[in-house]
Amino acid sequence: MNLTTARSPFSVSSLSNGDDRKFSLGGCSSYDTDSVASRSSGVFSGYDTLDTPPSYDFYSNTEIFGRAKKSRPSLFQLHSNPQDDPSPPPLYEESSVDKQSPDEDEPTEPPPEPARFGWAQGVMIRCMLNIWGVILYLRLPWITAQAGIGLTWIIILVSSSITGITGLSTSAIATNGKVKGGGTYFLISRSLGPELGGSIGLIFAFANAVAVAMHTVGFAETVQALMQMNFNCTLLIVCTGLFFSQAQVLFFFVIMVSFASYIVGTIIPATPEKQAKGFFSYRADIFAENFVPGWRGLEGSFFGMFSIFFPSATGILAGANISGDLKDPNVAIPRGTMLAIFWTTISYLIISATIGSCVLRDASGYINDTVSSLSGECLGVGCNYGWNFTECMTNKTCPFGLSNYYQSMSLVSAFAPLISAGIFGATLSSALACLVSAPKVFQCLCKDKLYPGIGFFGKGYGKNNEPLRSYLLAYIIAICFILIAELNTIAPIISNFFLCSYALINFSCFHASITNSPGWRPTFRFYSKWLSLLGAVVSVIIMFLLTWWAALIAIGIVIFLLGYVLYKKPDVNWGSSMQASSYNMALSQCVGLNQVEDHIKNYRPQCLVLSGPPCMRPSLVDFISTFTKNHSLMICANVITGGPSPGSVDSAKISTHLKWLDKRRIKSFYHTVVADDLHVGVQMLLQSTGLGRMKPNVLVMGFKKNWRKAQPNNIENYIGILHDAFDLQYGACVLRMKEGLDISRTMQAHVNLGFETSTEQALDTRSSTTTTSPTIDTSLDPEELMATSQPTTVFQTRQGKKTIDVYWLSDDGGLTLLLPYLLTRKKRWGRCKVRVFVGGEAQKVEDQKQELKALISRFRLGFQDVQVLPDINGKPQSEHIKRFEDLIAPYRVSSVQKDGQEADETTKDFSWMVSDEEMETFRAKSLRQIRLNEVIQDYSRDAALIIVTMPVGRRGACPSSLYMAWLEIVSRDLRPPVLLVRGNQENVLTMYCQ
């Protein structure tokens, strides 16, 4: 087989080995292939295509220094025929980065890379330092004495279980895509959305700032000899955090040395001085005595001890909060966080078990309190080792022991100053972690612009983008809370804010999992959605168990911030699980509607509005929205004439028009189809628009005001749309306003060719049937058009005490009466009075009036003003008849044409033409429309709205031009808006309750 003859028509025209490598496509200009990533060799075969292999550039949002970012070819480039486009686009579109001109100096070196941390230093050590704090050294021995070793282990394990579950949820969320700066706020906001994410981000940043004050106050109360005043301590923390980022390694080392000193101290035999204070090294009977609870004081209960210990288990998010400073957050956050929780839990268990095995609950500290020096009964385990602390135990005045002496770890330690150093390192490191976390989280929140007035603090400085302004704000907040100087007042609020964050992180993981979104693909697999839900519920419960009033404050702040974001609706789209949940619920409800049978009582006019681009016909859109908003379905539809192309795709962009509708507070869908002409497009819409039971049942369109200047086939298409609607059992409404509906000519924008075109070409009704496309001014694209001030329409204002006149001349099932009733339920039309006009006989006016009022009262519509028009069938004035005949004259055909062609053959070829026979056949109906216009002129000149039953013309029997003339003459020369309505002849009103 000769491969040369089997090559593609897109053959290679040049295979030179020079630098200017180009190949041409048949009939097309040359494409430069220098930037094609898929072609690495200098020789091309005839099978080379525009398709490229997968590339990181196609999915990344970041730029790579030294080369332009490439993007994959569009579907149009791959699918379209190059011969149809004389100037095809380039193979690859460059990114939005501005290309520098050749004479500009290009940077020769990449920008400096900011310092990044690994999983050990960036996450594990940071989390461990934040978890360890004053409670470890000063309260854990006391909790062991109160709850006993057994219950203390349960408290530690329950606390660690909650933080462990939260750590698993955090790991799952952090590995579901690339994590940027912002830590906890970034994780929650990108998972649950800006509503909950923004509120948690703000209170979490505030809680971290206040936590700086909490750790500072707690340390200053305990070690007053080392810190003269709280202000100096806070200033030291700020300086350490800003200029000595490696200080955490030093703190970690100091704490490890203090732990080693403590463990060694438990092994070293106790001196008499330490024995007098209750320390006897490891003793089985001391372990047995301290294993069971020994509750004392008002706080002596399980939950009391739990509330005191749990804040020491928080701090697991310290690593996630600096996610922007990590080398690989997807690996560092799960590994570092879970290891930090594991090792800190082990340290808590070891310390509680060892100190409970070495130290008595009560001791006097007096070296002379030995068994030999006292007579009488000896109480306590100390008696077994020659010490009698009975007196102070009986009087409850013992100054030493686990239950009385907070510095028990210093007593046990081999070198007591190392414990003081450990307290210094643990407190300073916790405060430092909070001080670093708060500005980082707040900076990310500021950049998202969810709340007003905080953008000033989001500016970063230096290669690490340090938020110095946020540091200053956190320092000021810490100073303000330090002035309170009451740890018991600050700590409950802090703990509840952290627990609130834990609850939402767990809920985020559960919610993302339960929605089954295809985008939820975390690489960390060791999590369970039900464990996450349990963690969220338990976190909320613990909030109230710790301090109920602080829990209410935290939840109240979250609800307030949530309401603000819901009201403002920021323009962000993060692909949150809330969006996935909304889709799932909507899908479930729509499918569920399939099991619900239609009933007259639940009938709602669900409108398919042929608005074109909604911004072009605001009056039509505003009017329909008046009675469909929060009540029924409204779909604005646009038919773009022409074949599928990039231009038609751009014109069909839904987001632009939805933004316009949203800005106008109109609750409507928007649907676009591309078709050869308007009639075909509307047929597509009538048959395919909607979903299950959520599909339109009423077609709404604007009146074709310039129909006499339009091409005849445009009239045929317009009337054909009404016939199609009736064939498909749709109701139909046509709105006419004196000033017209289409404002596209004023706004110089695209106009739908099927409606009120701006062409001024004269109509040759006898010889021309070709549509001439008008000149369209596209100088303004939809984006610019939307940005202009939205026009005000009469339907946006209150109508006052006017009337809505309903001419219910033919029974169409009740749609003509239902629409004005729905209008009067709205505030803008609420004060209007509805008047119902019907035709009747002069001899039975009163009887017909009472009969109709009784029928309307059974419908419970509340319409009291009913008028019978006996002269509705009278003969119209001659001048009005003459005007109608002049109106239809251009579309008349004589019985015999000049060329001898018979009239029936002419009307067969040109169905829009009206023969004399057809004029005579429909004469009575034509006169009725003329007379109806005269009656409306007499009765409804000052009405706010006129609703008239639309006449129906038989398909194939009534010429489209004659039908159009009826619609014209009924609504002609009327100042109020006119709505022509025709239901589908099925009941939409009922007088029964079932």
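Me: Between which elements of the chain does lysine 629 lie?

Reply: Lysine 629 lies in the loop that joins α21, residues 618-628, to β4, residues 634-641. Please keep in mind throughout that we are reading a predicted model.

Me: Is lysine 629 buried, partly exposed or exposed, and what does lysine 629 touch?

Reply: The reading rests on relative accessible area, where under 20% is buried and over 50% is exposed. Lysine 629 has 27% relative accessibility, and therefore counts as partly exposed. Once residues up to four places away in sequence are set aside, lysine 629 touches Arg665, Lys667 and Lys826. The C-alpha atom of lysine 629 is also 7.1 Å from that of isoleucine 666, and these two residues are 37 apart in sequence.

Me: What other pairs combine a separation along the chain with a stated C-alpha distance?

Reply: One of them is serine 528 with alanine 172, which are 356 residues apart along the chain while their C-alpha atoms are separated by 9.5 Å. Serine 528 belongs to the loop between α17, residues 487-514, and α18, and it is partly exposed because its relative accessibility is 26%. Another is glycine 862 with tyrosine 821, for which 41 residues along the chain go with a C-alpha separation of 8.3 Å. Glycine 862 is found in the loop between α29 and β10, and with a relative accessible area of 54% it is exposed.

Me: How do I read such pairs against the chain as a whole, and what share of the contacts joins residues 24 or more positions apart?

Reply: Of the contacts in the chain with a separation of 6 or more, 79% are between residues 24 or more positions apart. The chain has 34 helices and 14 strands, and 50% of its 994 residues are buried. About 47,200 Å² is exposed by the chain, and carbon and sulfur atoms supply 56% of that area.

Me: Is arginine 126 buried or exposed, and which residues is arginine 126 in contact with?

Reply: Arginine 126 is found in helix α2, residues 119-131, and it is buried because its relative accessible area is 9%. Leaving aside neighbours within four places in sequence, arginine 126 is in contact with Phe117, Gln121, Gln248, Ala318, Gly319, Ile322 and Val436. Cysteine 127 is buried too, with a relative accessible area of 1%.

Me: How many disulfides are there, and which cysteines form a disulfide?

Reply: A disulfide is a covalent bond between the sulfur atoms of two cysteines. The count here comes to 1 disulfide, formed by cysteine 392 and cysteine 398, whose sulfur atoms are 2.0 Å apart. The angle about the S-S bond is 80°, and the link of cysteine 392 and cysteine 398 is right-handed. Cysteine 392 is buried, with a relative accessible area of 8%, and cysteine 398 counts as buried at 6% relative accessibility. Elsewhere in the chain, cysteine 832 is buried, with a relative accessible area of 9%.

Me: What is the geometry between helix α18 and helix α19, and which residues make the contact?

Reply: For a pair of helices, one reads how close the axes come and the angle at which they cross. The axes of α18, residues 529-546, and α19, residues 548-568, come within 5 Å and cross at roughly 130°. An angle between 115 and 145 degrees falls in the oblique class, and α18 and α19 are therefore oblique to each other. On the side of α18 the contact is made by Met543, Phe544 and Leu546, and on the side of α19 by Trp548, Ala551, Leu552, Ala554 and Ile555. The residues of this contact divide into 8 nonpolar, no polar and no charged.

Me: Which backbone angle is notable at glutamine 729, and where is glutamine 729 found?

Reply: Here one looks at phi and asks whether a positive value belongs to a residue other than glycine. Phi of glutamine 729 is near 65°, a positive value, and the residue is not a glycine. Glutamine 729 is found in the loop between α25, residues 712-727, and β7, residues 731-736, and is partly exposed, with a relative accessible area of 41%.

Me: What is phi at arginine 860, and is arginine 860 buried or exposed?

Reply: Arginine 860 has a positive phi of about 60° although it is not a glycine. Its place is the loop between α29, residues 845-858, and β10, residues 865-869, where glycine 862 is also found. Arginine 860 is exposed, with a relative accessible area of 51%.

Definitions and conventions
Residues are numbered from 1 along each chain as its sequence is written. This is a predicted model: local features need pLDDT of at least 70, side-chain atom pairs count only at pLDDT 80 or more; totals for chains, interfaces and linings use all residues. Side-chain values use heavy atoms; hydrogens and water are left out. Helices (H or I, at least four residues) and strands (E, at least two) are DSSP runs, numbered from the N terminus. Buried means under 20% relative accessible area, exposed over 50%, partly exposed in between (1.4 Å probe, protein chains only). A disulfide is a pair of cysteine sulfur atoms within 2.5 Å. Axes are lines fitted to C-alpha atoms, for helices over the stretch in contact, and angles run from 0 to 180 degrees between N-to-C directions. Angles under 35 degrees count as roughly parallel, over 145 as roughly antiparallel, 65 to 115 as roughly perpendicular and the rest as oblique. Contact means heavy atoms within 4.5 Å. Ala, Val, Leu, Ile, Met, Phe, Trp, Tyr, Cys and Pro count as nonpolar, Asp, Glu, Lys and Arg as charged, and the others, Gly among them, as polar. Accessible areas come from the Shrake-Rupley method with a 1.4 Å probe; for residues, only the protein chains shown count as cover.
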